[in-house]
Amino acid sequence: MAASNVDSVKAFSGEKNDSPKLAKKALHELYSIEESGVPLNTPWTFWLDKTIRGTTAAEYEASLRKLYTVNTVEGFWSVYNNIPNPGIISTRYSYHLMRHQIRPIWEDEDNSAGGNWRLKCHKFDTVDVWKELLLAAIGEQFSNCMGDGDEVTGISVSLRDRDDILQIWNSRADLAEQSTIINKVKSLLPNVTFTAVFYKAFVQHDAFEGKKPHQHR
Amino acid sequence: MSARDTIALGREIPTRKVILHDVAHMPSDYSSTPGGTIFSTTPGGTRIVYDRAFLLQCRNSPLTKSPPLNMAKIPGVTTPAEPEKPKSNGKKPAAQKTGENPGDEPQFEMDI
């Protein structure tokens with residue numbers, strides 16, 4: 001009886017130790033996917049947030065959740081294939097795929113000199129547009145469309161009551177005019193009607209809470 | 001002879017030097033160059049680029065069938081079914097049992 005008690009204790013503690021075991025297994029799997037997978041030009045991070053109108057930057061930051069950072073094409077698909085597509089998730093949610101581990105926050109150092117193109121599209125096009133923009137971003141298909149020194153730093157999709165909003169983030173708002181990215185997007189999605197397309201530097205948003213550089217008034 | 005001359009006078013292949021400060025910056029496979037690209041013809045030659053068809057082809061890799069084990073679990077989004085299922089599973093059988101049990105028990109007694 002004593003022996004079986006010991007066994008059960010062992011089994012119990014074994015169960016308790018499952019999480020470190022899982023972590024190791026996860027690390028191993030991660031390692032193998034990173035080893036055998038096709039490397040991306042840079043890592044990309046999936047983020048999720050739920051937007052509530054009129055929230056401060058701090059409140060927004062608190063709602064922001066990092067899903068995963070991928071380094072390989074397979075890693076990208078393993079996340080993409082296993083999260084609900086934007087056609088399913090509820091309105092007010094946004095997905096972001098950001099270069100490296102950049103957070104989708106205007107005021108962050110990586111973004112504050114940048115801005116984004118906003119494209120509104122009909123709900124029935126959202127899933128396609130999101131997918132095509134992601135593929136073009138991780139495949140670095142936009143790099144030839146950007147001004148010298150500028151690059152795409154993220155893609156976002158925001159689910160709204162009427163038309164959904166797709167955003168393409170870039171690092172340099174001052175070089176946005178040199179970019180031909182909107183033409184590229186339209187060539188990737190010839191059958192999609194965008195109901196609105198415009199660019200805005202983050203510092204020019206009323207809600208921007210960071211330090212506004214002097215050259216931008 | 002003149003044909004050879006034109007070949008010899010062909011354009012120089014543009015090159016750029018990349019200085020590595022750490023072994024970790026070496027690419028993991030031999031087909032790519034440090035700081036370079038897998039496709040030697042990429043304009044600019046500084047980025048790893050993939051076209052849409054290649055990326056879509058990778059979508060069916062066995063590695064992509066399940067999410068990364070340590071991906072963030074967000075109930076209602078990345079784990080839509082999990083947090084709800086245990087609750088509904090727990091309640092439904094209980095409700096069914098109360099309905100079925102009165103009918104089942106006499107049958108067992110009959111068998112014995």
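# Chat on a predicted model

Visitor: Where does A:Ile89 sit?

Guide: A:Ile89 is in the loop between H4 and E3 of chain A. Bear in mind that this is a predicted model.

Visitor: Is A:Ile89 buried or exposed?

Guide: A:Ile89 is buried, at 8% relative accessibility. The cut-off for buried is under 20%.

Visitor: How far apart are the C-alpha atoms of A:Ile89 and A:Leu159?

Guide: They are separated by 7.8 Å, although A:Ile89 and A:Leu159 are 70 residues apart along the chain.

Visitor: Staying in that loop, what is the phi of A:Arg92?

Guide: Phi of A:Arg92 is near 80°, which is a positive value in a residue other than glycine. A:Arg92 belongs to the loop between H4 and E3 of chain A, and it is partly exposed at 23% relative accessibility.

Visitor: And what about the phi of A:Glu140?

Guide: That one is also positive in a residue other than glycine, with phi near 60°. A:Glu140 lies in the loop between H5 and E5 of chain A. At 3% relative accessibility, A:Glu140 is buried.

Visitor: Back to H4. How many residues of that helix in chain A are buried?

Guide: Eight of the eight, so helix H4 (residues 73-80) of chain A is largely enclosed by the rest of the structure.

Visitor: Which residues are those?

Guide: The buried residues of H4(A) are A:Val73, A:Glu74, A:Gly75, A:Phe76, A:Trp77, A:Ser78, A:Val79 and A:Tyr80.

Visitor: New topic, the sheet. What is the strand order in chain A?

Guide: E2-E1-E3-E5-E6-E4-E7, an open sheet of seven strands with antiparallel pairing. The edges are strand E2 (65-72) and E7 of chain A, and each of these pairs on one side only. On average, neighbouring strands of this sheet are turned by 15° against each other, direction ignored.

Visitor: How many bridges join E5 to E6(A)?

Guide: Six, between strand E5 (residues 152-158) of chain A and E6(A), and the two run antiparallel. For a landmark in E6(A), look at A:Gln167, which has A:Ser156 opposite.

Visitor: Now charges. How many salt bridges are there over all chains?

Guide: Seven salt bridges over all chains. Side chains of opposite charge can pair when their charged atoms come close.

Visitor: What does A:Asp164 pair with?

Guide: A:Asp164 forms a salt bridge with A:Lys123, and the closest N and O atoms are 2.5 Å apart. This pair links distant parts of the chain, with A:Asp164 in strand E6 (residues 164-170) and A:Lys123 in helix H5 (residues 123-138) of chain A, 41 residues apart.

Visitor: Are those two buried or exposed?

Guide: A:Asp164 is buried at 2% relative accessibility. A:Lys123 is partly exposed, with a relative accessible area of 38%.

Visitor: Which residue of chain B does A:Glu132 bridge to?

Guide: B:Arg52, with the closest N and O atoms 2.7 Å apart. A:Glu132 lies in helix H5 of chain A and B:Arg52 in helix H2 (residues 52-58) of chain B, so the pair joins two chains. A:Glu132 is buried at 7% relative accessibility, while B:Arg52 is partly exposed at 40%.

Visitor: Which residues are joined into a network by shared partners?

Guide: A:Glu61, A:Arg103 and A:Asp108, through salt bridges that share partners. In the bridge between A:Arg103 and A:Asp108, the closest N and O atoms are 2.8 Å apart. A:Arg103 counts as partly exposed at 26% relative accessibility, and A:Asp108 is buried with a relative accessible area of 16%.

Visitor: Last one, pockets. What is the volume of the largest pocket?

Guide: About 980 Å³. The lining of the largest pocket is made of 33 residues, and A:Thr51, A:Arg53, A:Trp106, A:Arg118 and A:Arg160 lie nearest the centre.

Visitor: How do the lining residues divide by type?

Guide: For the largest pocket, 10 are nonpolar, 10 polar and 13 charged.

Visitor: And which elements of chain A supply at least two residues each?

Guide: For the lining of the largest pocket, these are helix H3 (57-63), strand E3 (93-99), strand E4 (115-121), E6 and strand E7 (194-201) of chain A.

Notes
Residues numbered from 1 in each chain as written. Chains lettered and ligands numbered in written order. Heavy atoms only, no water. Salt bridge = Lys/Arg side-chain N within 4 Å of Asp/Glu carboxyl O. Buried < 20%, exposed > 50% of the residue type's maximum accessible area, 1.4 Å probe, protein only. Helix = DSSP H or I, 4+ residues; strand = E, 2+ residues; numbered from the N terminus. 1 Å grid on protein atoms, 1.4 Å probe; cavity = no way out; pocket = protein on both sides within 12 Å on 5 of 7 lines; lining within 4 Å. Points joined across faces, edges and corners; volume = space filled by probe spheres on them. Nonpolar A, V, L, I, M, F, W, Y, C, P; charged D, E, K, R; others polar. Pairing = 2+ DSSP bridges. Axes fitted to C-alpha atoms, helices over the stretch in contact; angles between N-to-C directions.
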